Amino acid sequence: MTNALLFSAGKGKRLRPITNKTPKCLVKIGNKILLDLWINKLQKLGIERLMINTHHLSDLVIKHIENNFKKSSITLYNEKKLLGTNQTFIRNIKFFNNNDAMILHTDNYCKSNLKKFYSAHFSRPSNCQITMLVFKTEDFKNSGIVEIDNKNIVTNYFQKNNKKYGNLANGAIFLISPSVFEEITNLHYNSIDFCADVVPFFLNRIFVVETKKLFVDIG
């Protein structure tokens with residue numbers, strides 16, 4: 001079983017003025033709301049228990065969920081002050097109930113149905129506790145770039161570096177085994193950002209799955 005945490009609390013500064021009145025997770029791609037796309041995608045994978053963290057214009061997100069997903073098992077976690085992705089994860093570790101955790105950012109748009117990614121996590125190499133979705137990019141300065149070995153395991157990680165180390169980018173979609181919940185909680189208790197602060201400590205323990213489908217940070 002897997003539970004999912006959808007990071008949706010950011011202010012969406014790069015999307016202003018759109019996000020002055022609309023939280024970035026409720027921005028539309030065509031005629032479809034980003035948050036809805038992610039919820040539906042996860043539910044099709046069989047992931048029913050979802051948590052959505054809120055902050056900027058949180059009342060609009062809450063109203064949207066109440067009006068459109070009444071029968072879904074969705075927990076809303078409002079942050080009066082933005083915590084950062086790792087802090088949000090740690091503070092809600094009990095939500096996962098010792099199940100595998102999927103975490104993702106709802107300001108990304110991905111055409112993949114994530115089925116390959118999801119199934120790969122449960123047949124990953126035994127020395128890996130985390131599975132990361134990756135994609136090819138030319139925008140290495142604004143991406144977390146990974147280097148991998150011939151078994152698709154992360155050997156190096158460069159977070160938004162001006163020097164080009166490759167074009168395989170972290171999609172910030174992770175499946176995390178409960179076997180490392182305690183390690184993350186204890187050793188990275190003060191870390192703010194999961195990608196920048198925690199991922200580098202799991203080199204040689206992260207399995208990657210590349211999507212060939214369109215992947216875009218809407219910012």
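**View 1. Phe122 and its ring partner Tyr118 in the predicted model.** Phe122 has a relative accessible area of 42% and is therefore classed as partly exposed, whereas Tyr118, at 16% relative accessibility, counts as buried. The centres of the two rings lie 5.2 Å apart and their planes meet at 75°, so Tyr118 and Phe122 make an edge-to-face pair.

**View 2. The aromatic pair of Phe89 and Phe194.** Among the 9 aromatic pairs that the structure holds is the edge-to-face pair of Phe89 and Phe194, with 6.2 Å from centre to centre and 70° between the planes. This pair links distant parts of the chain, since Phe89 belongs to helix H3 (residues 85-91) and Phe194 to helix H6 (residues 194-198), 105 residues apart. Phe89 and Phe194 are both buried, and together with Phe95, Phe96, Phe174 and Phe181 they form one aromatic cluster.

**View 3. The two sides of helix H2 (residues 58-68).** Ser58, Val61, His64 and Ile65 are the buried residues shown here, and they lie on the same side of H2 because they cover an arc of only 125° around the axis. The other side of H2 carries the exposed residues Asp59, Lys63 and Asn67. The buried residues of H2 pack against strand S3 (32-33), H1, strand S4 (50-54) and strand S5 (74-78).

**View 4. The second largest pocket, with about 310 Å³ of space.** Of the 15 residues in its lining, Leu37, Asn40, Lys41, Lys44 and Ser112 are the closest to the centre of the pocket. Helix H1 (34-44) and strand S7 (108-110) are the elements that each give two or more residues to this lining, and H1 supplies the largest share, 6 residues. By character, the lining residues of this pocket divide into 6 nonpolar, 4 polar and 5 charged.

Notes:
Residues numbered from 1 in each chain as written. Predicted model: local features only at pLDDT ≥ 70, side-chain atom pairs only at ≥ 80, totals over all residues. Heavy atoms only, no water. 1 Å grid on protein atoms, 1.4 Å probe; cavity = no way out; pocket = protein on both sides within 12 Å on 5 of 7 lines; lining within 4 Å. Points joined across faces, edges and corners; volume = space filled by probe spheres on them. Helix = DSSP H or I, 4+ residues; strand = E, 2+ residues; numbered from the N terminus. Nonpolar A, V, L, I, M, F, W, Y, C, P; charged D, E, K, R; others polar. Buried < 20%, exposed > 50% of the residue type's maximum accessible area, 1.4 Å probe, protein only. Arc of directions from axis to C-beta. Contact = heavy atoms within 4.5 Å. Phe/Tyr/Trp six-rings, centres within 6.5 Å; stacked < 30°, edge-to-face > 60°.
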